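Biologist: I should like to learn how to read a model of two chains, feature by feature. Could we begin once the structure is in view?

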Amino acid sequence: MTNYLLLFWIFFKTGLFTIGGGMAMIPIIQQELVSRGYMTVAESIDMVAISQMTPGPFAVNAATFAGYNLAGVPGAVVATLGIMLPSILICLIVARFFFRFQESPIVRSTLSGIKPVVLALILSGLISVFRSAVLPELSLTAIDFPVLLIAIVLSLLLLKTKISPALLILLSGAFGAVFLRS
Amino acid sequence: MDNNHHIPQKLSLKKLLNIFLITFKIGSVTFGGGMAMLTIISAEFSEKRDWVSGDDISDIAAVAQTLPGIIAVNVSILTGYRIGGVPAALVAGLGSVLPSFIVLCIIATFYSVLSDNVYVRGILRGVSGAVVALFVSTLYKMSRKNVKDLWGLGFFIIAIALMLIFPSLSVIYIILGGALLGFVLYYLILRRSGGAGND
């Protein structure tokens, strides 16, 4: 794919509508790229894992990775610039004119409407990665039990302990290399 | 309010280079998103060098999370701006993402060559369980912060229903719909009636 303008636009939109952290961005990227056939859901899971394991901002990692897979280094440059540009423009405007804007009742009430939608985005992301990782054949008779087990154990560890997500991903990868070769 | 808006200090080329090197270092060692990055930014630019104040850092934390866009990029742009205006903001933004960019390009090269290898497939299969867990923990941690009342719960249910029933409907419209309804409900309706006595 070498339609750089489209690639830039997809990531610009994604950056613009990412509110409250990188995980909320994943369903948007999935919708834009998977529906156009540029990426499979399984590849998007790899993208999330790799972006979490590497240092730096998660969203930038994901954009660079997706852009590179679609169109090499130029694709990575275009996707990364696209996802950053909304941040840059909006921050420079806000920093210049109204640093205290988040105390405005209009901004607060608008955000009160957006935040539940962001939570719904995370849930839809969860449903989509769960289907692809645990039910790859979309049938209850073909549950990937080892993967389900990893998901349950790691969910508990992430919620109950302070072990870093990057370390847990690394360990589950090592587990997979040893036990889940197929 | 105006003391927040101080005039950026005089900016030398050496200082710009320093900002780049420090943010590059921060970008190479930060795991775990924008707020983790802010902790290191605060240590480097406020505690160690006193280029921005502690008040600036807490303003930056609040604004960076509220604005659309990538929180970590918001943090570095806002910090850079406070130190030295637009040039410093751009340099800080570039410095903080460049390590990611380089590392991910290298990994993506290997990924496209190795993604069919049985060991790599095994690793990725194990890791896919971890990604499910990441969504579970994000969902849990966000749930209390993002849904604060019954209206919010209603917004959440409608939004997830729309996403599941109409998978091809762009989620961007759902976000915009939430923004508009949030403004109408919380600003125009509840705030007025709350002002009348029952908050």
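The dialogue below goes from the fold of one chain to the contacts between the two.

Modeller: Please bear in mind throughout that this is a predicted model.

Biologist: Let us start with the fold. How many helices and strands are there in chain A?

Modeller: Chain A has seven helices and zero strands, so from the N terminus on the order is simply α-α-α-α-α-α-α. Its C-alpha trace spans about 55 × 40 × 30 Å along the principal axes. Of the 182 residues in chain A, 55% are buried. Contact range is a further descriptor: among contacts in chain A between residues at least 6 apart in sequence, 52% join residues at least 24 apart.

Biologist: How is chain B divided into domains?

Modeller: The assignment gives domain 1 (2-114) and domain 2 (137-195). Their C-alpha centres lie 31 Å apart.

Biologist: Burial can also be read helix by helix. Which residues of α2(A) are buried?

Modeller: The criterion is 20 or more other C-beta atoms within 10 Å of a residue's own. In α2(A), the residues that meet it are A:M25, A:I26, A:P27, A:I28, A:I29, A:Q30, A:Q31, A:E32 and A:L33. Because nine of the eleven residues of α2(A) are buried, this helix is largely enclosed by the rest of the structure. Just after α2(A), A:G37 takes a positive phi of about 80 degrees.

Biologist: For contrast, I turn to a loop residue. Is A:I163 buried or exposed?

Modeller: A:I163 counts as exposed, because it has 12 C-beta neighbours inside 10 Å. The residue is placed in the loop between α6 and α7 of chain A. Leaving aside residues up to four places away in sequence, A:I163 touches A:L157 and A:L168.

Biologist: Now to the interface. How many residues of each chain are in contact with the other chain?

Modeller: In chain A, 92 residues are in contact with 87 residues of chain B. The elements of chain A that each supply at least two residues to this side are α1 (4-16), α2 (25-35), α3 (41-53), α4, α5 (105-134), α6 (145-160) and α7 (165-179). Of these, α5(A) gives the most, with 24 residues. By class, the side of chain A that touches chain B comprises 59 nonpolar, 28 polar and five charged residues.

Biologist: How should one read a pair of helices across the interface? At what angle do α4 of chain A and α4 of chain B pack?

Modeller: One reads the angle together with the distance between the axes. Helix α4 (residues 58-97) of chain A and helix α4 (residues 71-114) of chain B pack at about 165 degrees, with their axes 10 Å apart. An angle over 145 degrees counts as roughly antiparallel, and α4(A) and α4(B) are therefore roughly antiparallel to each other. Their crossing is right-handed. The contact of α4(A) with α4(B) has 21 nonpolar, nine polar and no charged residues.

Biologist: Which residues make the contact between α3(A) and α5(B)?

Modeller: The geometry comes before the residues here. The axes of α3(A) and helix α5 (residues 118-146) of chain B come within 9 Å and cross at roughly 80 degrees, which means that α3(A) is roughly perpendicular to α5(B). From α3(A), the contact is made by A:I45, A:D46, A:V48, A:A49 and A:Q52. From α5(B), the partners are B:L124, B:V127, B:S128, B:A130, B:V131 and B:L134. Together they divide into eight nonpolar, two polar and one charged.

Conventions: Residues numbered from 1 in each chain as written. Chains lettered and ligands numbered in written order. Predicted model: local features only at pLDDT ≥ 70, side-chain atom pairs only at ≥ 80, totals over all residues. Axes fitted to C-alpha atoms, helices over the stretch in contact; angles between N-to-C directions. Helix = DSSP H or I, 4+ residues; strand = E, 2+ residues; numbered from the N terminus. Parallel < 35°, antiparallel > 145°, perpendicular 65-115°, else oblique. Left-handed = near helix turned anticlockwise from the far one by under 90°. Nonpolar A, V, L, I, M, F, W, Y, C, P; charged D, E, K, R; others polar. Contact = placed C-beta atoms within 7 Å. Domains from an automatic or database assignment.
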